[in-house]
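Here are a few short exercises to work through with the model open beside you. Try each one yourself before you read the solution.

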Amino acid sequence: MLYLQNGYLIDPRSGMEGYRDILIKDGKIARILPQGTPVDECTVERTIDLNGQCVAPGLVDVHVHFRDPGFTYKEDIHTGAEAAARGGFTSVVLMANTNPAVDNRQTLSYVLKKGLETGIHIHTCANVTKGMKGQELTDMEELSSLGAAGFTDDGIPLLDETLLRQALRRAAALDRPVSLHEENPALIRNNGVNAGRAAEYFGIGGSPREAEISMVERDLKIAVTEEADLSIQHISTREAVELVRQAKRLSSHIYAEATPHHFTLTEDAVIRHGTLAKMNPPLREEKDRLAIIEGLRDGTIDMIATDHAPHSTEEKGRPLTEAPSGIIGLETALSLGIRELVQKGYLSMAELVRRMSCAPAELYRLDAGYIAEGGPADLVVFDPDREWVVKEFASRAVNSPFVGETMPGVIAYTICGGGIVYQRKQV
């Protein structure tokens with residue numbers, strides 16, 4: 001048994017918060033005890049004094065790209081899992097835009113089997129359409145029965161309205177969410193850069209906000225008439241936040257996610273960092289950043305998801321219009337949430353933990369995101385006040401605009417299934 005002493009427990013599901021000791025046995029939380037409760041030392045294999053550090057449910061990220069199969073020079077399931085553990089994540093949901101895509105039982109089985117070789121819980125979405133071509137739905141029933149956690153063609157929007165409606169109905173029958181990448185390619189001249197100050201600086205057309213707004217408006221109108229869970233992925237505009245807010249008043253099946261980079265940075269970061277701040281959808285204006293924060297504050301945006309998108313140094317070294325979009329995010333997400341949302345007074349620590357654990361787990365029906373006796377021993381231990389410098393990663397990739405920054409929130413341990421999968425080196 002593992003005995004964690006003197007930790008400040010935060011459980012967003014029950015609302016329990018305060019100093020507690022935790023006894024872990026056989027991968028489960030055996031007991032949650034008042035601080036200082038004596039236990040039979042003969043039954044405890046290891047005791048760790050947490051010295052007042054926060055103990056929260058293992059974080060849950062429902063939007064990551066581990067590039068496996070097909071692009072493992074960027075990342076693979078093992079290196080992605082290591083990055084997740086270092087960032088405090090014990091459960092992740094992979095996106096399905098691999099090569100081959102996760103539109104068949106063979107690829108789905110490959111991903112899930114390889115995930116079992118890691119120390120964390122690896123789940124994956126399957127594609128909505130075959131080959132991500134937007135023309136024919138996958139065998140959603142078969143893929144669901146084999147373990148697909150949800151359905152998405154992330155990276156490519158679903159343009160066919162009839163097909164979207166059919167997908168929502170089938171997903172509802174399977175009790176699985178559908179997650180949508182909302183950018184209309186017909187309106188975009190150069191993706192990854194906002195069609196505003198940043199695009200003007202580089203002399204390119206960029207990606208206008210209307211590309212997101214038009215798709216979100218259309219898809220929410222469809223979704224409110226269907227009894228299916230729909231999640232708007234990586235929201236980036238203030239108008240889209242308001243559309244989600246209005247749709248939630250009409251349906252309890254509407255969800256949205258925000259990334260740490262969209263509530264932290266604006267298009268000015270692209271001017272400073274170039275391709276390291278290029279992403280889809282792009283970083284927008286300060287008013288958009290603040291609207292996303294307000295959406296997180298008032299519950300319009302349910303969850304924080306990293307959209308962890310590793311690329312090689314060579315790829316990100318290409319000219320701006322040729323380099324791929326995306327940044328890595330698993331190892332900096334908690335710190336950015338603490339710095340930008342908690343320390344600035346927008347969210348309490350418990351609210352931040354909810355949006356990074358309990359809320360995403362509930363949408364994807366995962367047994368995760370909470371701390372309770374008999375529940376999974378998936379935990380993150382961190383010091384929200386201690387600082388660290390972003391300078392190295394467990395991820396295979398290093399494409400982050402945050403390199404060199406000093407951030408709060410040092411993760412001491414990540415525990416998954418009762419085992420320590422990450423332990424910070426003493427410095």
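The exercises below concern a predicted model and go from the whole chain to single elements.

**Exercise 1. Compare the radius of gyration of the chain with that of a compact globule.**

Solution. Start with the content: the chain holds 13 helices and 16 strands. Next, take the length, 427 residues, for which a compact globule would have a radius of gyration near 22 Å. The chain has 21 Å, so the two agree. For the extent in space, the C-alpha trace spans about 65 × 45 × 40 Å along its principal axes. Two further values fill in the picture: buried residues make up 61% of the 427 residues, and among contacts with a separation of 6 or more, 75% join residues 24 or more positions apart.

**Exercise 2. Work out which strands stand at the edges of the sheet S6-S7-S8, and find the helices that pack on this sheet.**

Solution. First read the order: three strands, S6-S7-S8, form an open sheet with parallel pairing. Strand S6 (59-64) and strand S8 (121-124) each have a single partner strand, so one side of each lacks a neighbour in the sheet and both stand at the edges. Neighbouring strands are turned by 20° against each other on average, direction ignored.

Now look at one pairing in detail. S6 pairs with strand S7 (residues 89-94) in the parallel sense over four bridges. Aspartate 61, for example, has valine 92 in S7 as its bridge partner.

Then add the helices. Helix H1 (residues 77-86) packs on the sheet, where it touches S7 and S8, and its direction makes about 135° with that of S7. Helix H13 (residues 349-363) also packs on the sheet, touching S6 and S7, with a direction about 65° from that of S6.

**Exercise 3. Classify the packing of helices H7 and H10, and describe the residues of their contact.**

Solution. Two packed helices are described by the angle between their axes and the distance between the axes. Helix H7 (residues 238-248) and helix H10 (residues 286-298) pack at about 25°, with axes 8 Å apart. Angles under 35 degrees count as roughly parallel, and H7 and H10 are therefore roughly parallel to each other.

Next, list the contact: H7 gives Arg238, Glu239, Val241 and Arg245, while the residues from H10 include Lys287, Asp288, Ala291 and Ile292. Sorting the residues of this contact gives three nonpolar, one polar and seven charged.

**Exercise 4. How many residues of helix H12 are buried?**

Solution. Helix H12 covers residues 333-342, and ten of its ten residues are buried. Among them are Leu334, Ile338 and Leu341, along with the charged residues Arg339 and Glu340.

Definitions and conventions. Residues are numbered from 1 along each chain as its sequence is written. This is a predicted model: local features need pLDDT of at least 70, side-chain atom pairs count only at pLDDT 80 or more; totals for chains, interfaces and linings use all residues. Side-chain values use heavy atoms; hydrogens and water are left out. Axes are lines fitted to C-alpha atoms, for helices over the stretch in contact, and angles run from 0 to 180 degrees between N-to-C directions. Helices (H or I, at least four residues) and strands (E, at least two) are DSSP runs, numbered from the N terminus. Angles under 35 degrees count as roughly parallel, over 145 as roughly antiparallel, 65 to 115 as roughly perpendicular and the rest as oblique. Contact means heavy atoms within 4.5 Å. Buried means under 20% relative accessible area, exposed over 50%, partly exposed in between (1.4 Å probe, protein chains only). Two strands pair if DSSP finds at least two bridges between them. The radius of gyration is taken over C-alpha atoms; the globule rule is 2.2 Å times the number of residues to the power 0.38.
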